[in-house]
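Work through the exercises below with the model open. Each task is followed by a solution in steps.

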Amino acid sequence: MKKATVISIANQKGGVGKTTTALNIGAGLAKVKKKILLVDIDSQNHLSRWLGYSADGKPTISEMIYQEVSNVHSNNHTDFIRHSEQENVDFIPSNHMLAGVLGILGADSDSVNVLTRIFNHKFFTVYDYIIIDCQPSLDLLVSNALSCCDKLLIPVQADLLAYEGVNQMLQTLQRIKKRTDIGDFMLGILPTMYAKNTVISNEILQALKESYTDYVLQPAISYRVEVKNSSATRTSLVNHKNSYVGEEYMRIVYEIIART
Ligand SMILES: Nc1ncnc2c1ncn2[C@@H]1O[C@H](COP(=O)(O)OP(=O)(O)O)[C@@H](O)[C@H]1O
Ligand SMILES: [Mg+2]
């Protein structure tokens with residue numbers, strides 16, 4: 001049985017396009033017939049809400065982590081899974097309770113591998129890709145996502161001081177994977193909110209390419225008002241007709257398939 005490819009989307013900076021990227025890549029991979037599970041591990045749960053989640057009394061990622069740490073194994077994984085008809089993806093939502101889960105995680109004797117243990121279960125082999133949307137931090141939850149992933153995707157806003165955090169992120173990945181050569185674990189660095197006509201965006205793009213060469217994914221995702229509107233209307237761009245950014249994300253989707 002083939003294991004799902006786990007992609008974590010992380011950057012310790014907030015507002016750089018992580019959730020937008022998770023949603024559009026997930027929905028984009030689903031468009032090309034891949035079976036997708038999106039996992040929200042941000043207590044602000046933007047991704048969950050974007051996918052239409054509202055408190056439904058069913059367990060979330062918080063309970064999933066709690067059960068794993070307390071060694072209570074639910075055989076019914078489907079309890080945790082929701083489905084978005086609109087985007088044709090499954091997802092596991094998070095809620096504000098996730099903030100309290102950090103302490104619980106810390107109590108585990110192998111606290112960095114809790115998510116790995118969860119997603120190694122054979123239930124998840126039905127998926128082609130599991131995509132984890134992280135919170136803007138380098139805490140234990142994000143370390144779990146880095147430990148668990150086959151590939152890391154780092155969205156970087158093509159704006160002032162954007163790549164400050166990238167090196168720290170790469171060093172964290174090295175530490176967690178216990179390797180100096182992390183090339184195999186890097187899906188790439190995705191420049192986002194790229195404003196073609198600004199000097200700063202072009203300088204940042206250039207600097208990223210010089211520092212990180214092959215890691216930098218192309219095309220950069222453009223800064224467009226349609227993206228703001230898509231969060232308001234809660235739809236992905238890849239499923240919008242004639243969406244410019246949707247087409248850029250589809251090109252990234254094909255690049256991801258080629259790199260995984
Ligand atoms: N390409 C883009 N063009 C314009 N606005 C964008 C773009 N990508 C993301 N945004 C907006 O920027 C904000 C932060 O994006 P988000 O994906 O939530 O970032 P993060 O998950 O890293 O905090 C949101 O309001 C989102 O709509
Ligand atoms: Mg987010």
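**Exercise 1: The pocket lining**

Sort the residues that line the largest pocket by class: how many are nonpolar, polar and charged?

Solution. The model is predicted. Step 1: count the classes in the lining, which gives 9 nonpolar, 10 polar and 6 charged residues. Step 2: take the lining as a whole, which has 25 residues. Gly17, Thr19, Thr20, Trp50 and Ser231 lie nearest the centre of the pocket. Step 3: assign elements. Helix 1, helix 2 (46-50), helix 9 and helix 10 (244-259) each give two or more residues to this lining. Step 4: add the volume, about 620 Å³.

**Exercise 2: The ligand and its shell**

Locate ligand 1 and describe the residues that surround it.

Solution. Step 1: find the site. Ligand 1 sits in the largest pocket. Step 2: name the elements. Helix 1 (18-31) and helix 9 (225-233) give two or more residues to the shell around ligand 1. Step 3: count the shell. It holds 15 residues, and the closest are Gly15, Lys18, Thr19, Thr20 and Ser222. Step 4: split the shell by class. There are 5 nonpolar, 7 polar and 3 charged residues.

**Exercise 3: Backbone contacts and cover**

Find polar backbone atoms of Gly17, Thr19 and Arg224 that pair with ligand 1. Then state how much of the ligand the protein covers.

Solution. Use a cut-off of 3.5 Å between N or O atoms. Step 1: at Gly17, a polar backbone atom is 3.0 Å from an oxygen atom of ligand 1. Step 2: at Thr19, a backbone N or O atom lies 2.9 Å from an oxygen atom of the ligand. Step 3: at Arg224, the partner is a nitrogen atom of ligand 1, and the distance from a backbone N or O atom is 3.1 Å. Step 4: turn to area. On its own, ligand 1 has 560 Å² of accessible area, and the protein covers 85% of this.

**Exercise 4: Backbone geometry in two loops**

Which residues does a cis peptide bond join, and where is Lys33 found?

Solution. Step 1: check omega. The bond between Gln218 and Pro219 is cis, with omega about 0°. Step 2: place Pro219. It is in the loop between helix 8 (199-212) and helix 9. Step 3: check phi. Lys33 is not a glycine, yet its phi is positive, about 70°. Step 4: place Lys33. It is in the loop between helix 1 and strand 2 (36-41).

How values were computed
Residues numbered from 1 in each chain as written. Chains lettered and ligands numbered in written order. Predicted model: local features only at pLDDT ≥ 70, side-chain atom pairs only at ≥ 80, totals over all residues. Heavy atoms only, no water. Near = heavy atom within 4 Å. Polar contact = N/O pair within 3.5 Å; in protein donor to acceptor, adjacent residues only side chain to side chain. Areas by Shrake-Rupley, 256 points an atom, 1.4 Å probe, with all protein chains shown as cover. 1 Å grid on protein atoms, 1.4 Å probe; cavity = no way out; pocket = protein on both sides within 12 Å on 5 of 7 lines; lining within 4 Å. Sits in = over half its atoms within 2 Å of the grid points. Helix = DSSP H or I, 4+ residues; strand = E, 2+ residues; numbered from the N terminus. Nonpolar A, V, L, I, M, F, W, Y, C, P; charged D, E, K, R; others polar. Points joined across faces, edges and corners; volume = space filled by probe spheres on them.
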